[in-house]
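The following exercises are to be worked through in order, with the sequence and the model in view. Each task is followed by a solution in steps.

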Amino acid sequence: MPVANTLAEIRRYLENEIAEGRATAEVSPETAAAFKRAASSGPARRSPETPAAAPAAERARAEEPAAAPAAGDELAAVARAVAGCARCGLHKSRANTVPGEGPPRPAIMFVGEGPGEEEDRQGRPFVGAAGQLLTRMIEAMGFAREEVFIGNVVKCRPPGNRTPLPEEMEACLPYLRRQIAALQPRVIVALGGTASKALLGLETGITRLRGVWHSFEGIDLMPTYHPAYLLRNASGKRPAWEDLQEVLRRLGRPVPGPKKRNRQG
Ligand code: SF4
């Protein structure tokens with residue numbers, strides 16, 4: 001294979017690894033030995049701004065393994081990676097990427113399906129009509145919107161607000177995984193069937209998934225109806241509120257409303 005092609009393949013492989021948040025890459029012993037040989041033979045060219053010999057202390061610092069990035073740094077890194085991402089076809093029609101927003105280490109992380117028209121325009125999650133309902137739901141739980149993290153499975157708007165394709169969700173999920181790993185929320189609330197299925201890897205419909213505790217990489221996950229569905233189906237509001245009450249119980253927070261239930265998930 002021509003060297004230029006090999007280089008392109010290696011670049012693509014490493015970009016995928018970085019998108020998935022991996023700090024190291026696995027290579028065969030032969031490849032590792034070839035890298036070592038190339039490194040020990042020294043650089044073919046040195047750029048003019050590279051100092052010929054860094055002081056020993058500086059070299060030692062540069063060789064230290066990087067500390068695990070703080071949650072805020074990792075969230076910013078994910079947002080930067082998303083902003084330049086072209087891993088699936090959704091990048092072609094987006095106006096803005098919508099990585100999500102909220103503080104590190106929130107009690108709750110809400111995960112929806114993907115940005116809609118208004119979200120695409122503003123680059124912020126859940127700012128349209130469904131977002132206003134979500135904000136009211138969050139406030140009814142006793143939180144301010146700014147206290148929780150709100151994100152989506154895909155970070156670019158599917159054209160016409162269609163459901164993201166499986167391959168689009170698969171391409172984008174590494175970013176959500178990195179966000180969840182950095183945020184370490186106490187509870188994830190998956191909004192709607194698409195987000196629930198993407199996170200749980202199940203084909204079960206939302207009507208059967210909702211109201212029952214699940215787990216995503218050790219974090220409690222409660223599926224419930226998507227606010228957009230609730231805008232069209234008022235009958236879903238009561239069960240959705242019951243799901244959020246379960247979340248409050250799991251968090252040990254006061255449960256507002258006259259209809260307190262005793263069931264624990
Ligand atoms: S939806 Fe996700 S994977 Fe696809 S281009 Fe946007 S950020 Fe990249």
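**Exercise 1. Determine how many residues of strand E3 are buried, and describe its two faces.**

Step 1. In this predicted model, 5 of the 5 residues of E3 are buried, and the strand is thus mostly covered. A residue is called buried if 20 or more other C-beta atoms lie within 10 Å of its own, exposed if 12 or fewer do, and partly exposed in between, the C-beta atoms being placed from the backbone. Helices (H or I, at least four residues) and strands (E, at least two) are DSSP runs, numbered from the N terminus.

Step 2. In a regular strand the side chains alternate between the two faces of the sheet.

Step 3. One side of E3 carries Val187, Val189 and Leu191, and the other carries Ile188 and Ala190; all of these are buried, and both faces are covered.

Two conventions apply throughout. Residues are numbered from 1 along each chain as its sequence is written. As the model is predicted, local features need pLDDT of at least 70 and side-chain atom pairs count only at pLDDT 80 or more, while totals for chains, interfaces and linings use all residues.

**Exercise 2. Identify which strands pair with E3, and in which sense.**

Step 1. Strands pair if DSSP finds at least two bridges between them.

Step 2. E3 (residues 187–191) and E5 (residues 219–224) are parallel and share 5 bridges. Within this pair, Ile188 is opposite Leu221, and Leu191 is opposite Thr224.

Step 3. E1 (residues 108–112) also pairs with E3 in the parallel sense, over 4 bridges. Here Phe110 faces Val189.

**Exercise 3. Describe how E4 and E5 are joined, and state whether Glu217 is buried or exposed.**

Step 1. Strand E4 (residues 214–216) runs antiparallel to E5, and 3 bridges join them. One bridge links Ser215 to its partner Asp220 in E5.

Step 2. The two strands form a hairpin with 2 residues between them. Glu217 lies in this loop between E4 and E5, and its phi is near 50 degrees, a positive value in a residue other than glycine.

Step 3. Glu217 counts as exposed because it has 11 C-beta neighbours inside 10 Å.

Step 4. For comparison, consider Phe126, whose phi is also positive, near 50 degrees. Phe126 is found in the loop between helix H5 (117–122) and helix H6 (129–140). Phe126 is buried, because 28 other C-beta atoms lie within 10 Å.

**Exercise 4. State how many residues the largest nonpolar core has, and which residues Ile188 touches.**

Step 1. A nonpolar core is a set of buried Ala, Val, Leu, Ile, Met, Phe, Trp, Tyr and Cys residues joined through C-beta atoms within 7 Å.

Step 2. The largest such core has 50 residues, and those with the most contacts inside it are Met109, Phe110, Val111, Val153, Ile188, Val189 and Ala190. Helix H7 supplies the largest share of this core, 8 residues.

Step 3. Two residues are in contact if their C-beta atoms, placed from the backbone, lie within 7 Å. Leaving aside residues up to four places away in sequence, Ile188 touches Met109, Val111, Ile180, Phe216, Ile219 and Leu221.

**Exercise 5. Describe the shell around the ligand: how many residues form it, and of what kinds are they?**

Step 1. A residue is near a molecule if its C-beta atom, placed from the backbone, lies within 6 Å of it. The ligand is surrounded by 14 residues, the closest being Cys85, Cys88, His91, Cys156 and Cys172.

Step 2. For the division by kind, Ala, Val, Leu, Ile, Met, Phe, Trp, Tyr, Cys and Pro count as nonpolar, Asp, Glu, Lys and Arg as charged, and the others, Gly among them, as polar. The shell then holds 9 nonpolar, 2 polar and 3 charged residues.

Step 3. Helix H7 (residues 166–183) gives the most to this shell, with 3 residues.

**Exercise 6. State the mean pLDDT of the chain, and find where pLDDT stays under 50.**

Step 1. pLDDT is the predictor's confidence in each residue, from 0 to 100. Its mean over the chain is 83, and 71% of the residues reach 70 or more.

Step 2. Over residues 1–5 pLDDT stays under 50, and the model has 1 contact beyond four places in sequence for them. The pLDDT is also below 50 over residues 41–68, a stretch with 1 contact beyond near neighbours in sequence.
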